[in-house]
Amino acid sequence: MSYLTIVRQSKFRHVFGQAAKAEQSYDDIRVSKVTWDSSFCAVNPKFLAVIVESSGGGAFLVLPLSKVGRVDKNYPLVIGHSGPVLDIDWCPHNDNILASGSEDTTTMVWQIPDHTPCRPISEPIVVLEGHSKRVGIVKWHPTARNILLTAGSDNLIIIWNVGTGEPLITMDDHPDLIYNVSWNYNGSLFCTTCKDRRLRVCDPRKREVVAERLSPHEGIRPMRAIFTKEGNIFTTGFTRMSQRELGLWDPTNFEEPIALLELDTSNGVLLPFYDPDTSMVYLCGKGDSSIRYFEITEEPPYVHYLSTYSSKEPQRGMGFMPKRGVDVSKCEIARLFKLHERKCEPIIMTVPRKSDLFQDDLYPDTVGPDPALEPEEWLDGRDEDPILISLRDGYVPPKSRELKVSKKNVLDSRPAPRRSLSAVDGSSLPVSTLFLYHLPSEL
């Protein structure tokens, strides 16, 4: 008797990963050895940023993407933090703006010039001071201009308007260390994982936790959670027997998971990188030498294993290129930047196609660089999905847009200090900087 195997139809079934040629890597980078489970790497269509080892403070390296090969040992770093840098994040609305969080309790926002600097960059545009312990998470809002979320080891989440340097919202709902934070697609909510083993969904403008689930994964090791475009939450964690596990949850009904999948026995935390255009998620474990990728769909089993990219070298961290930075002429659907001990290696994910024409089924309109909301609109309760762009003709990043400085002093408009904010004196804050950048209208 013959059995008919039904193979699931998916255009991403044959996606394969390939490391860039050796000469396309970035060599001689001393990747940070600090013990913190962030990705240590952030990329956008213009720059690669990597947190590096540095004596006497914290530093990171920023390279134009085209500057492949060996990095000169005297290449100017971005310095300014007095303790190790723990997390970095590029602004989604300006490719020259990057935020960094540090052990020194501050968050700094930097303007990176298009040209290679002659000396280290040591002057941030704005310093955000409000946490009393190290800042381990920095996350830009996906749709509102200048809104930045930070989370610290003081268990506080602070949402800032970086254009005025002021904290807009402070939330103290977490009783223990926050492992990660993820905004949803339009930035109306964010989800968090915490050392108290709870997964929470927070509404920042109501300043409340709107849903939570105890132990989505039974193990005590760190979890990660990210929102999908549809509003579900994808999680990675550990079983009670220390098996690595992933889950998919509906935050309006946390009782039962949509899917729960055991993977393997390994102790590296799985960092998920999600692509809303393809509904694919790439899992990169720190210390692993492989990247597994899955497709999330509306049909059972909901989370479909696709394949694994394997290599010999373990990864120290990983960066994930926004979709507008991939090469559409080669059917590239994702580009990851794998950190080794002394280099960064691009990993290119491709859908095999015979035609050289633009594959519009692989590239729906994707998130562009224009913010959909001003900070005040978002704070007043408005929500907008990201503004989308077509990749049919590829994407060319605009030239650096200088920030105009507003001479309004942040202290004039600062609300009375809250219990959770450290005291601020005039000497500790620069004159506020207002981001007044606009994209050329033809883009």
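Glutamate 295 has histidine 304, in E27, as its bridge partner. The pairing belongs to a run of seven bridges that ties strand E26 (residues 290-296) to strand E27 (residues 303-310), with the two strands running antiparallel. E26 and E27 form a hairpin, and six residues sit between the strands. Within that hairpin, tyrosine 302 is worth a look in the torsion plot, since its phi is positive, near 75 degrees. All of this comes from a predicted model, and the values below are computed from that model too.

Zooming out, the chain turns out to be mostly a strand affair: 32 strands go with two helices. It runs to 443 residues, and 58% of them are buried. What share of the contacts with a separation of 6 or more comes from residues 24 or more positions apart? The figure is 54%. As for the outside, about 19,500 Å² of the chain is exposed, and 49% of that area is supplied by carbon and sulfur atoms.

Back at the level of single sheets, one open sheet consists of four strands in the order E3-E4-E5-E7, paired antiparallel. Its edges are strand E3 (41-43) and strand E7 (78-81), each of which pairs on one side only. From one strand to the next, the twist averages 20 degrees. On the inner side of the E7 edge, so to speak, comes strand E5 (residues 58-64), joined to E7 by three bridges in an antiparallel arrangement. One spot to check by eye is glycine 58, which stands opposite histidine 81 in E7.

The annotation record adds a little context. An unreviewed UniProt entry places the feature "repeat: WD" at residues 78-112 and at residues 128-170. For residues 78-112, the model gives 63% strand and 0% helix. The C-alpha atoms at the two ends of residues 78-112 lie 9 Å apart.

Finally, a word on the cysteines. How many disulfides does the structure hold? The count is zero. In general terms, a disulfide is a covalent bond between the sulfur atoms of two cysteines. Are cysteine 194 and cysteine 331 buried or exposed? With a relative accessible area of 1%, cysteine 194 is buried. Cysteine 331, at 4% relative accessibility, counts as buried as well. Both assignments follow from the cut-off, because buried means under 20% relative accessible area.

Methods. Residues numbered from 1 in each chain as written. Predicted model: local features only at pLDDT ≥ 70, side-chain atom pairs only at ≥ 80, totals over all residues. Heavy atoms only, no water. Disulfide = S-S within 2.5 Å. Buried < 20%, exposed > 50% of the residue type's maximum accessible area, 1.4 Å probe, protein only. Contact = heavy atoms within 4.5 Å. Areas by Shrake-Rupley, 256 points an atom, 1.4 Å probe, with all protein chains shown as cover. UniProt positions renumbered as here; feature names shortened; annotations may be inferred. Pairing = 2+ DSSP bridges. Axes fitted to C-alpha atoms, helices over the stretch in contact; angles between N-to-C directions.
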